[in-house]
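Dear colleague,

I am passing on the structure below, followed by some notes on the charged side chains in it. Please read them alongside the coordinates when you have a moment.

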Amino acid sequence: MGPVEFIVLAFPEEQLRVPAVEAVMGLRKTGVVRLIDGLVATRTAGGEVRAAEFDEFLELRGLLTGRDAVRLIGAEDVKEAAELLERGSCALLLVVEHVWAEDAAIAVRAAGGRIVGSVRIPADRIPADPRAGVA
C-alpha cells in the first residue's frame, strides 16, 4: 500500500460544486489515487456542523462501494475539519491512498525501511518555476 492521506477540500457554499467534485474524482478513475473513505461536512450559516455519507449526494453515489472502502473518518475528524470551514460552507473529507507511490513504498519496506512522515507544502510556497529556487 502507498502513503495514505486525509484531505479536506472546502467549498464556499453549503452545496458541493459538481465540476470540482468531478475533477477530484477523475483522479480516482485514472488510478493515481484510491479512495478509501469520504464524507461531506457542512458548517451551516447558523454554525451547526453536519456530516453526510457520499451516497446522500447524486454526484457522489457509489464512489465508496466494494472492497476499497474502509470507514476511517470519525466524528472527531468531522469536528476538526468543520473548524476549518467558514459558516455557510462545506467540504469533501477524503482519505486517499497515493497509488502512484505504492511501488516505492514496497521497495522501502522490503529494504527494512518505512514511511515515517510527510508534509504537504502549500502551492503558494512553491515558485512558479520550482527549479528557480534550487541552488
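**Salt bridges and burial**

E97 counts as buried, because its relative accessibility is 4% and the cut-off for that class is under 20%. Please keep in mind that this is a predicted model, in which a search of the whole structure finds four salt bridges.

One of them joins the side chains of E97 and R34, with an N to O distance of 2.8 Å. Since E97 belongs to strand β4 (residues 89-98) and R34 to strand β2 (residues 33-43), this pair ties together parts that are 63 residues apart in sequence.

Strand β2 also holds D37, whose side chain meets that of R71 in a salt bridge, again given as N to O, at 2.8 Å. R71 sits in the loop between β3 (49-53) and α2 (75-83), so here the parts tied together are 34 residues apart in sequence. The two partners differ in their surroundings, as D37 is buried at 0% relative accessibility, whereas R71 is exposed at 53%.

A further salt bridge pairs E48 with R50, and the closest N and O atoms of this pair are 3.3 Å apart. Both residues fall in the intermediate class, E48 being partly exposed with a relative accessible area of 44% and R50 partly exposed at 45% relative accessibility.

Finally, salt bridges that share partners join D37, E53 and R71 into one network, so the D37 and R71 pair described above is best looked at together with E53.

With kind regards

Note on methods: Residues are numbered from 1 along each chain as its sequence is written. This is a predicted model: local features need pLDDT of at least 70, side-chain atom pairs count only at pLDDT 80 or more; totals for chains, interfaces and linings use all residues. Side-chain values use heavy atoms; hydrogens and water are left out. Helices (H or I, at least four residues) and strands (E, at least two) are DSSP runs, numbered from the N terminus. Buried means under 20% relative accessible area, exposed over 50%, partly exposed in between (1.4 Å probe, protein chains only).
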